[in-house]
Amino acid sequence: MSGQPTPMMQQYLALKREAGDALLFYRMGDFFELFFEDAKVAAGILDIALTSRGEHGGEPVPMCGVPVHSAEGYLARLIKGGCRVAIAEQTETPDEAKARAKRDGTPTSKALVARDIVRFVTAGTLTEEALLEPRRANLLVAVAPVRDGVGLASCDISTGRMELEECEASALDAALARLGASEVVAPEDWEDGTEDVIARPRADFRSEDGEARLKSIHGVATLDGLGDFTRPMLAAAAGLIAYLDHAGRGELPFLLPPVARGSGAHLAMDAATRASLEILEAQGGGRAGSLVSCIDRCVTGAGARQLAEDLAAPLADRGQIEARHAAIHHFHIDPLLRADLRALLRQAPDIGRALGRLVAGRGSPRDLGQIRDGLSEARRVRGVLEASADLPALLRDALTALGGHSALIDHLDRALVPSPPTERQQGGYIASGYDHALDALRETSGNARKAIAALEARYREETDTASLKIKHNKVLGYFIEVPAKHGDKLMAADSGFTHRQTMAGAVRFNSIGLHEEATRIAEAGAHALAAEEAHFEELVGEVVTARQAIAATAAALARIDVAAGLAERAVEGDWARPEMLDAPCLEVVGGRHPVVEQALAKSGERFVANDCSLGEDDRLWLIGGPNMGGKSTFLRQNALILLLAQAGSYVPASSARIGLADRLFSRVGASDNLARGRSTFMVEMVETAAILSQATERSFVILDEVGRGTSTYDGMALAWAVVEAVHEQLRCRCLFATHYHELSRLADTCDALSLHHVRAREWKGDLVLLHELTGGAADRSYGLDVARLAGVPQPVLKRAKAVLAKLEKGRAETGGLAAGLGELPLFAASLQAENEPDDALRDALEVLDIDTLSPREALDKLYELKALGGSTKP
Ligand code: ADP
């Protein structure tokens, strides 16, 4: 039958319209139910049964549901699966609904409980402990594109931190890559928006509204005292706050005063650089194998989040960087202090996030307990730190932020039981002795319970029924129960018992005495709960009032954890404190790649340390040598050393002198990306073009096999041109790895360029890769050696060697691989001369890129070449 939708269905559909593309969790008793498409999506992600309920428009309505008490786990999976969820709760009890129906004159049997969406649960607006990853920040970002730039507002509502910044449109991708937000919102008419961006009304992004909201949230008449905020920043703040309003249905979470992020304050890195350096995530995705996972020795979640943030946004200011190094140094030279502090920190709960929940109105007694324990831990940390002489500035500042909570700690200590529960419904979290009235109520219900036990004994005696019991359940409350065969005795009119229920094997009764005691328990219980609630509200109020100071304490603890953790890592890996300079240099002695070194150590292998020495007169190193020789590793280790130093860490080297960089670029030639299935050469060139337009003399660039995404001579020509441009125009520090032997001729014309190669040696006919960097051009290409290692037969290798020799001789004679971009036609012409159209074997060899072949492909190619060779006269 396809008639009018039922009232419930009408209510559902109205709520669903409001929920938009969020899944609607529709509360029905002890379950959240989902219907229609929502049910299909959720059942798929959660792997739960899809059923149906009634019909709509003649079709059965798909349905699935999750129990309310375990909803968090399901929510977590839906959010991970990329969904947003609207929670529609019952806003009245069934009794209230019936009373309302009666007033309205509708049949009470059909009374529909009112429901409303109370909250949107989205990836960027989570505060629940169970839904958050302890070691990762959870950012919500709002983007406000304006005429001449973009405003960005980011906040982690689990801790209340908020930042505003402005950048050029072209730098937006890099900024978003740095932030790594869980959720991004932008005006609906924004053209660059990808699918992942949540479109919000344009009217939400008005800078005047942003300013007004920030002023009222932080109770200030002007924002001047908080920082220098531009119109685009405020427009983004407006969009962010409007979205928080929407998600929390008007209930705003905890927001600390916004911090304005200056554009030049950080080492700039774009998305491609971040991905290739695997800073927070490895190429395959996930934290394992990333830089952060290799260096993170923090003992608290807040410390780990701070470290990730430091690595994602290394500093550009020498003073700030050196302040962080000094803090590490303090812990580096004092192992006892370090161990003491780390032991204390390990005990400290995540007060930043507990505070976030309490201020957002989603806090629990357990969160209050965490604030109490965290603040007392902070006090102990302060005590230890205070006793340490010659504290550097960063730690002195932290020390100040750690103190000053004595009254609050004391109050929470007296008020709360040692481990308060997450739920408030049952009460029992306020300590006895804190409130005498509450103690009295508890005593009353305790006495009533004793009285009930006494009643049970008395009734057994009076009725001569040893099996009589007084029981309790949720529906009936207290009742007297006897086995069926004794039922009649109590049924008698003068027994004093009233019948309540007959079960299969038992009969249940009430009595006036029991009723009185049960009422005493219920009343005292209700009063006690109300009293605990009132104390809870008061304690939360006190914490909320102190929120800024508590947040500062949380931040100070995280800072100390980061510094002590990095000191620990430095000791463990024998790292050095880098010396920071303004001159554009990079002098690393005994440098290592921390992630590769760690991986090798696991299999008992040793990492070969290498030096790097870039300066104004020698700022571009061209690095050759065989495949698998360690070129990429060398490039990356130097980029990581610079990044770590500017993030305020020690570095994996025996010593390092590092000139501050403004930007860091890392690019890897396309064929390394083939596995990821991207349109390779195009991507490579787009990314390279970005460097050529953005790098400055203060930047550091690593280029790994750029140009190899296309056929040999195109690629070589491009690599050639890029090296020249880096040398002549950008004049920045650069490490360039290439297997194009020919590029070594650039050393003749580029005076600040020098040649280096990773060493390899033949030993008993085998190729041994030494992973050792040394000066000078690679003596030759090792493609044929690699082919031999792969088992290519001798005669084929011999033939290939002869062909190679001829090719190389030919190239040397045509010569004149002239320097200078303007003279490239000559270079191209030289290639043409070599490239006789009728020489099939030569053609085949020209396009053959030996270094990119797998052993298997190399073998196949050689057979192909041999077949060709048979039909041509060499
Ligand atoms: P290339 O870029 O020259 O092809 P890679 O840098 O990718 O070579 O290095 C290949 C492998 O060699 C690495 O995965 C690593 O296992 C090993 N390797 C690289 N550099 C070193 C080193 N300095 N010491 C020891 N092993 C190294």
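Visitor: How many Å separate a polar side-chain atom of His771 from an oxygen atom of the ligand?
Guide: This is a predicted model, where local features need pLDDT of at least 70, side-chain atom pairs count only at pLDDT 80 or more, and totals for chains, interfaces and linings use all residues. Residues are numbered from 1 along each chain as its sequence is written, and side-chain values use heavy atoms, with hydrogens and water left out. A polar contact is a pair of N or O atoms within 3.5 Å. For His771 and the ligand oxygen, the distance is 3.1 Å.

Visitor: How much of the ligand does the protein bury?
Guide: Accessible areas come from the Shrake-Rupley method with a 1.4 Å probe. Taken alone, the ligand exposes 560 Å². The protein buries 80% of that.

Visitor: Which helix gives the largest share of the shell around the ligand?
Guide: The ligand is surrounded by 14 residues, each with a heavy atom within 4 Å of it. Helices are DSSP runs (H or I, at least four residues), numbered from the N terminus. The largest share, three residues, comes from residues 631-646, helix H22.

Visitor: Why does the largest nonpolar core lie between two domains, and which are they?
Guide: This core has 100 residues; a nonpolar core joins buried nonpolar residues (under 20% relative accessible area) through side-chain atoms within 4.5 Å. Helix H20 (residues 547-573) gives the largest share, 12 residues. Domain bounds come from an automatic or database assignment. Two domains both give residues to the core, so it lies between them: domain 3 (296-405 + 546-573) and domain 5 (579-778).

Methods
A polar contact is a pair of N or O atoms within 3.5 Å; within protein, one must be able to donate a hydrogen and the other to accept it, and residues adjacent in sequence count only if both atoms are side-chain atoms. Helices (H or I, at least four residues) and strands (E, at least two) are DSSP runs, numbered from the N terminus. Buried means under 20% relative accessible area, exposed over 50%, partly exposed in between (1.4 Å probe, protein chains only).
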